[in-house]
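Colleague: Could you walk me through this structure, one step at a time? I am new to this, so plain answers would help.

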2 protein chains.
Amino acid sequence: MEEKLELMIEDARDKNERALAKLISHVEDRKTGWKDIMKSIYAKTGQTCVIGVTGSPGAGKSSLVGEFAKKLANLGYSIGIIAVDPSSPFSGGAVLGDRIRMRDISTYQNIFIRSMATRGMLGGLCQAARDVVRIMDFAGRDIVIIETVGVGQDEIEVVSAADYVVLVTYPGGGDSVQAIKAGVMEIADLFVVNKCDRDGADVIVSEISAMLDLSGDAGSETPQVIRTSALTKEGIDNLVDILSDFMNRKKKCPHLQMECVRQEVISIVEKEMASLIQERIAGNGNMEKELKLILSGKSDPYSAAEKLMNRFTVTKNLERSTGRRL
Amino acid sequence: MEEKLELMIEDARDKNERALAKLISHVEDRKTGWKDIMKSIYAKTGQTCVIGVTGSPGAGKSSLVGEFAKKLANLGYSIGIIAVDPSSPFSGGAVLGDRIRMRDISTYQNIFIRSMATRGMLGGLCQAARDVVRIMDFAGRDIVIIETVGVGQDEIEVVSAADYVVLVTYPGGGDSVQAIKAGVMEIADLFVVNKCDRDGADVIVSEISAMLDLSGDAGSETPQVIRTSALTKEGIDNLVDILSDFMNRKKKCPHLQMECVRQEVISIVEKEMASLIQERIAGNGNMEKELKLILSGKSDPYSAAEKLMNRFTVTKNLERSTGRRL
């Protein structure tokens, strides 16, 4: 590995935030040596606790994250925030008031904020988030908070990989409960009814509780439903207590479980294969020939894909004939 | 192709809705012969007009789609609806009132409704939606409406492949405008402020108009912003007029453009490769060996993926030594 990268890694471990930011960018952009970085830090990770915060846009997730991150920072925890939510002020979709609130939190010494684009991520959103969590973990962050919108498949996958999942909803005309049914209900460890200073908060709390009673398994613990308001600060202390309690109970998080590792290896292979496809299948004359056949009505995308695929699968037959495993 | 499948295809073309539903399931579940089905219908497609409807959960997309679909059906159009939105009553996330409304629309002879899961789609959401559109197209649907939530990356890709994109928002405490900034603003052809019987509709209309004025290119047409209410029926006729007008102006939709076809071929190849990876890389003893090395701290996911990948890339060197293209 280049000396420059080795220095960057060392500085990041020594709590240099600039180095940490550069390290993340290097890996995110898949610059030369990114894989060496990940390989060399891997053994020194697995200590952080990952909290996923999700909910529909407008639920006030960012303000809430800001509030409890500050309190956790005051308790002595070192915190990393990853904002995947495109409507989050942390990740850029901010109006003026949001930006002021954001400046407030980003001056905290123990809080490091990183936003992440959801479109066109090199290597896929899920793997990208996993990489950033790992780098923050290596850089000594006790807690990594991932904020995401609980609707898209990718976003749900990201948040469900967290150790603890907080689902944020709010009183918004009775549609909120409908909104949270979108596949995230099952993965939540805690339900937060935010903006509880508004009318209708009690209704939402009882609707969610009723839903949980109906769907709960006999064996498993029913998730709590709590009320918060980033405006009046109601319930924030309670939320912080619940999160601290979780972290105390769960000293070491199960990042190293077999199934997680398997999924990660497969996901890395898949992404590398995608580049290979671009290079070997999509990026040559055969592709153009096939496309012309389709446009002239002599072929179709399914047949074309099949023909292009044969360039890979033919190796199987060759294995047989040569008796050598490729 | 099996005779059973051939019959199914014929029946679907003859407007048999049961056959159409079976055909879609066959392709969606990737049952034997699915690719033959798609190959054989491909040349007979490209006639339908695809309308994408998106917006956050709770914006009332489904009721709105129901209203304008009925009107379009009454004008003589044959309509297919694909519900990708997990909170849509069409796709299952319905409360009682929604289900009653849905029964109302599904009895229309000219309206065929199909819901689509967003998680674990075989072949990916985007390709799956493309396949279903194509089958509906083949079965003579003049218009295919895709309803999706405008937040996740997959969902945005699905809707941005439509010929005409309708973005639905509603007066909901001032958060709606923040919500629509999530990457969908740019792809919308029409902005609909739904539930305009509520307070605050005018504010949203002017906020969106202001945003469009700011972001508009000098050359391109600024999208319209209209008000609707599925409750009072205000604006529904206007919406139907705009959609009919679009369909008249655009007789043939550009399904067969080079770039679209290229993307589709690549996407099919990628999905097939993913299966191949499962079969040749993930599903054998090498994988387990690598996982054990990782868990014992002797390796990491990045190195393991690299080793497993070599089974594919080694073919490149073999090509060189044999002088034969694989």
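The questions and answers below look at a predicted model.

Colleague: How many helices and how many strands does chain A have?
Modeller: Welcome aboard, and let us begin with a simple inventory. Chain A is 326 residues long, and 43% of them count as buried. Its secondary structure consists of 13 helices and seven strands.

Colleague: In what order do the seven strands of chain A form a sheet?
Modeller: A general point helps here: strands of a sheet pair through backbone hydrogen bonds, either parallel or antiparallel. In chain A the pairing is parallel and the sheet is open. The order is E3-E2-E4-E1-E5-E6-E7.

Colleague: Which strands of chain A stand at the edges?
Modeller: Look for strands with a single partner, because such a strand has one side left without a neighbour in the sheet. From one strand to the next, the twist averages 20°. The edge strands of chain A are E3 (111-115) and E7 (224-227).

Colleague: Which residue in E5(A) stands opposite A:Gly52?
Modeller: Start with the strands: E1 (residues 49-55) and E5 (residues 164-169) of chain A run parallel and are joined by five bridges. Opposite A:Gly52, in E5(A), stands A:Val165.

Colleague: At about what angle does helix H9 of chain A run to E7(A)?
Modeller: Helix H9 covers residues 201-215 of chain A. This helix lies across E5, E6 (190-193) and E7 of chain A. Its angle to E7(A) is about 175°.

Colleague: Moving to chain B, what is the bridge partner of B:Ile82 in E3(B)?
Modeller: Chain B has an open, parallel sheet of seven strands in the order E3-E2-E4-E1-E5-E6-E7. Five bridges join E2 (residues 79-83) of chain B to E3(B). Within E3(B), the partner of B:Ile82 is B:Arg114.

Colleague: Is B:Lys195 buried or exposed?
Modeller: B:Lys195 sits in the loop between strand E6 (190-193) and helix H9 (201-215) of chain B. Its phi is near 55°, a positive value in a residue other than glycine. A residue needs 20 or more other C-beta atoms within 10 Å to count as buried. B:Lys195 has 27 of them, so this lysine is buried.

Colleague: And B:Lys233, is that residue buried or exposed?
Modeller: B:Lys233 also has a positive phi, about 70°, although it is not a glycine. Its place is the loop between strand E7 (224-227) and helix H10 (236-249) of chain B. The cut-off for exposed is 12 or fewer C-beta neighbours. B:Lys233 has 12 inside 10 Å, so this residue counts as exposed.

Notes. Residues are numbered from 1 along each chain as its sequence is written. Chains are lettered from A and ligands numbered from 1 in the order in which they are written. This is a predicted model: local features need pLDDT of at least 70, side-chain atom pairs count only at pLDDT 80 or more; totals for chains, interfaces and linings use all residues. Helices (H or I, at least four residues) and strands (E, at least two) are DSSP runs, numbered from the N terminus. Two strands pair if DSSP finds at least two bridges between them. Axes are lines fitted to C-alpha atoms, for helices over the stretch in contact, and angles run from 0 to 180 degrees between N-to-C directions. Two residues are in contact if their C-beta atoms, placed from the backbone, lie within 7 Å.
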